[in-house]
Amino acid sequence: MKSNYEPLGKHIQLVDYRNSEEVTSTVLGISIDKEFMPSVANVIGTDLSRYKLISKGLFACNPMHVGRDERLPIALYENEEPAIVSPAYFMFEIIDRTILNEEYLMMWFRRPEFDRECWFMTDGSVRGGITWDDLCRIQLPVPPYERQLDVVESYRAITRRIAMKKEINDNLEATAQAVFQEQFASFYGADELPDGYRIINLDNLCTVKGGKRLPADCKLLDTPTDHPYIRVRDVGSNRYVCLTNQFQYIDEETYSALSRYIVNTGDIVISIVGTIGLLGKIHSSLDKANLTENCVKLANIHTVTSDYLYYTLCYKKQIKEIDLLTVGAVQAKLPMYNIQSMKILVPPTKAIEAFQRKMNVLNEQIEANTVEIQKLYELEEVLLAKLSD
């Protein structure tokens, strides 16, 4: 252990502010990506005065699912307006902010090594929780405060650049969807189609094929191999499903067993279990990657382009048509036969080609930004790793 490492408990303390005066009804949870998010819990009829009131500069974490997720959902609250979190969460603050900077501490919490240490400390329950005392025993380096600020500023520069590139891509994607809807959306409600337009089933335009469940004795690997494994959580954050540092992998033996269930560049994937209807187009960085059984792929696309088909599905998701195709009360699922029979507008070839020319201009910018974002994430990971130097 390096000499500048100190127990976390020396620098943090629990706080317990309750929403007793019902200051707010905004209930937040924490994602495994360590961000606050709207709570998915049903709080109708719940006494929200019991919930913990969190304000800017405080931390919260969900200690209950570490063994299951192999991550500790923990986040720094940075909004000006207060919110509330579950009474079961730990809520804490830094004791002396002139010694330890809260953004520096949050950087430490984002390190994979921190999550692994938390995971080793989990108890024997089904979900695997971590205690406050265990969290306080974790060691971290506390360099001089000015050094902390320098590191934080470098990290901010990277995250600002990522946010800017994501915003640009969001605007480009919005433009692409607007182009599609302007040219083709109105035909879906038309009583008659113009000459050259037709409606056909999706499976007449591509091959619809499911992914494959991992063998019972197989475990996903954090250490990169030649075989990334696409999960539902890897789909839907943007148009391209691109290899990132969040991916997990399978070994050579498992890959051989699943070699028939791979994706190729340009395939479209749709999530069919869990969060249903997430869409993505396979980037070249994931050519020949394996696909989870909770997604299907649309491969061998013909007659229309993959971009046209992708934005058709985005439109169908927007108008809730994909939601109507799901079945099941306990665990909803989008059956493959419902995907295969989905009705798709097929315009004349000239209309498809004109649309694709517009997409090609946007594609070049979106892909370049996507690649830069991934490189920035890699730089961010290097910076986090150096915190222990």
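**Group meeting talk: a pocket, two sheets and some cysteines**

Hi everyone, let's start with a pocket: the second largest one holds about 550 Å³ of space. Before I go on, this is a predicted model, where local features need pLDDT of at least 70, side-chain atom pairs count only at pLDDT 80 or more, and totals for chains, interfaces and linings use all residues. Residues are numbered from 1 along each chain as its sequence is written, and side-chain values use heavy atoms, with hydrogens and water left out.

For the grid people here, a pocket is an open set of points on a 1 Å grid over the protein atoms alone, where a 1.4 Å probe fits, with protein on both sides within 12 Å along at least five of seven lines; lining residues have an atom within 4 Å of a point. Points are joined across faces, edges and corners, and the volume is the space filled by probe spheres set on them.

So who lines this pocket? There are 22 lining residues, and the closest to the centre are Met37, Val40, Asn62, His65 and Tyr89. Strand β3 (28-30) and helix α1 (66-69) each supply at least two lining residues, and the largest share, 3 residues, comes from β3. Helices here are DSSP runs of H or I with at least four residues, strands are runs of E with at least two, and both are numbered from the N terminus.

On to the sheets. One is open, with 5 strands in the order β12-β19-β16-β17-β14 and mixed pairing. β12 (207-210) and β14 (240-241) are at the edges with a single partner strand each, so one side of each has no neighbour in the sheet. Two strands pair if DSSP finds at least two bridges between them. β12 runs antiparallel to β19, joined by 4 bridges, and Lys209 has Lys297 as its bridge partner in β19. At the other edge, β14 pairs with β17 (279-282) in the parallel sense over 2 bridges, with Val241 bridged to Ile282.

In a regular strand, side chains alternate between the two faces of the sheet. On β12, the covered face has Val208 and Gly210, while Thr207 and Lys209 are on the uncovered one.

Helix α7 (306-318) lies across β16 (268-271), β17 and β19 (295-299), at about 170° to β17. That angle runs from 0 to 180 degrees between N-to-C directions, using axes fitted to C-alpha atoms, for helices over the stretch in contact.

The other open sheet has 3 strands, β15-β13-β18, again with mixed pairing. Its edge strands, β15 (248-249) and β18 (290-291), pair on one side only. β13 (228-230) runs parallel to β18 with 2 bridges, and Tyr229 is partnered with Asn290.

How many disulfides are there? The count is 0, a disulfide being a pair of cysteine sulfur atoms within 2.5 Å. For Cys206, the nearest cysteine sulfur is that of Cys314, 15 Å away. The closest cysteine sulfur to that of Cys314 is in Cys295, at 15 Å, too far for a bond. Cys206 counts as buried at 6% relative accessibility, and Cys314 does too at 10%. Buried means under 20% relative accessible area, exposed over 50%, and partly exposed in between, with a 1.4 Å probe and protein chains only.

Last stop: Leu193, in the loop between α5 (145-184) and β11 (198-201). Leu193 is partly exposed at 29%. Leaving aside neighbours within four places in sequence, Leu193 is in contact with Phe187, Arg198, Ile199 and Leu345, where contact means heavy atoms within 4.5 Å. Its C-alpha is 9.6 Å from that of Pro347, 154 residues apart along the chain. Thanks, all!
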